[in-house]
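Here are my notes for someone opening this one for the first time. Have the sequence and the 3D view side by side, and take the points in order.

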Amino acid sequence: MGPLTTAVAVVAMAVFFISGFGEGRSSDNAQPAVTSATTGPCLLPAPDMRRRHKDLLFEERTKAVRQGDRNPEASLSRCITCHAVFDEAAQPIAYDDERHFCRACHLQVAVAPDCFTCHRSTPVMPVTPIQTGGTQ
Ligand code: HEC
Ligand code: HEC
Ligand code: HEC
């Protein structure tokens, strides 16, 4: 990257964090509603999850796929179950809907992970507290 590109990128990141990110989280637009998580706790505190969820997912994928070592607590389907967002008809929304938990932040930072071409983006219904709180 040249210095100009770097400067543009830095400004873009700053604008993102100051405006979209902070504001969106407290308003009622297409931002992910953290309250959509059925029950907690998450794997790590929210600020750490925001920063590290991608690493956690990639580590879990590598361990599961390469070494056959699965941690049900960290499975993608468990993220999806806890973070399910429901529509007006009480049906879980899929990743093609901008309100999906895994989608709204990504729209803003323009990352588009392809995970849901293979993995389900909706939980297996019905979602119960036992499913979300325990292992599955
Ligand atoms: C081409 C299809 C495909 C894509 C795309 C894909 N996966 Fe997977 N993934 C698999 C398969 C197959 C397995 C192994 C079978 C299983 O465990 O369900 C797996 C396993 C996993 C696991 C461990 C098991 C589990 O359910 O947690 C994680 C975590 C995971 N993938 C995360 C991701 C993430 C994150 C992305 C996007 C960046 C992604 N995958 C994209 C096919 C895919
Ligand atoms: C047992 C339910 C549960 C599971 C499983 C779970 N989460 Fe969470 N997650 C939560 C809750 C509750 C919060 C909000 C915590 C808080 O605000 O302190 C949260 C917060 C987050 C955040 C921060 C959101 C924000 O706006 O700050 C991200 C990102 C996240 N989770 C991703 C994931 C991923 C990825 C997985 C799977 C590897 C996962 N979560 C699994 C319940 C869960
Ligand atoms: C609080 C906002 C937020 C939420 C909610 C969120 N993400 Fe992310 N995600 C990001 C940001 C920001 C990045 C890019 C920066 C980075 O790499 O950490 C990212 C990057 C990723 C990447 C890497 C993409 C790439 O191309 O390298 C994956 C995979 C991912 N997220 C999966 C998920 C999944 C699955 C969920 C839902 C369970 C989710 N994210 C929810 C903010 C979020």
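**Notes on the model**

1. The shell around ligand 1 is a good place to begin: it divides into 7 nonpolar, 4 polar and 3 charged residues. Bear in mind throughout that this is a predicted model.

2. Which residues come nearest to ligand 1? Of the 14 around the ligand, they are Arg 61, Ala 64, Ser 75, Cys 115 and Cys 118. Two elements, helix H2 (46–67) and helix H3 (76–82), each give two or more residues to this shell. H2 has the largest share, with 5 residues.

3. Now turn to ligand 3, which has 15 residues around it; Lys 54, Cys 79, Cys 102, Cys 105 and Pro 113 come nearest. Here the elements that supply two or more residues are H2 and helix H4 (104–109). H2 again heads the list, giving 4 residues to the shell around ligand 3. By class, that shell holds 10 nonpolar, 3 polar and 2 charged residues.

4. Stepping back to the whole fold, the protein has 5 helices and 0 strands. Read from the N terminus, the order is simply α-α-α-α-α. Buried residues make up 12% of the 136 in the protein. As for contacts with a separation of 6 or more, 60% of them link residues that are 24 or more positions apart.

5. How far can you trust the coordinates? The average pLDDT for the protein is 75, and 65% of the residues score at least 70. Confidence is highest in H2, at a mean of 96, and lowest in helix H1 (residues 3–26), at a mean of 41. Over residues 4–35 the pLDDT stays under 50, and the model has 18 contacts beyond four places in sequence for that stretch. Where pLDDT is low, don't read the predicted coordinates in detail.

6. Have a look at Tyr 95, which you'll find in the loop between H3 and H4. Is Tyr 95 buried, exposed or partly exposed? It has 19 C-beta neighbours inside 10 Å, so it counts as partly exposed; the cut-off for buried is 20 or more. Setting aside neighbours within four places in sequence, Tyr 95 is in contact with His 100, Cys 102, Arg 103, Phe 116 and Ser 121. One of these, Cys 102, is also among the residues that come nearest to ligand 3. Arg 120 is 25 residues away from Tyr 95 along the chain, yet their C-alpha atoms are separated by 8.7 Å.

7. The loop between H3 and H4 also holds Ala 90. Its backbone is worth a glance: phi of Ala 90 is near 65°, a positive value in a residue other than glycine. Ala 90 counts as exposed because it has 7 C-beta neighbours inside 10 Å.

8. Where is the other alanine to check, Ala 110? It sits in the loop between H4 and helix H5 (129–133). Ala 110 is not a glycine either, but it has a positive phi of about 55°. With 8 C-beta neighbours inside 10 Å, Ala 110 counts as exposed.

Notes
Residues numbered from 1 in each chain as written. Chains lettered and ligands numbered in written order. Predicted model: local features only at pLDDT ≥ 70, side-chain atom pairs only at ≥ 80, totals over all residues. Near = placed C-beta within 6 Å. Nonpolar A, V, L, I, M, F, W, Y, C, P; charged D, E, K, R; others polar. Contact = placed C-beta atoms within 7 Å. pLDDT = per-residue confidence, 0-100.
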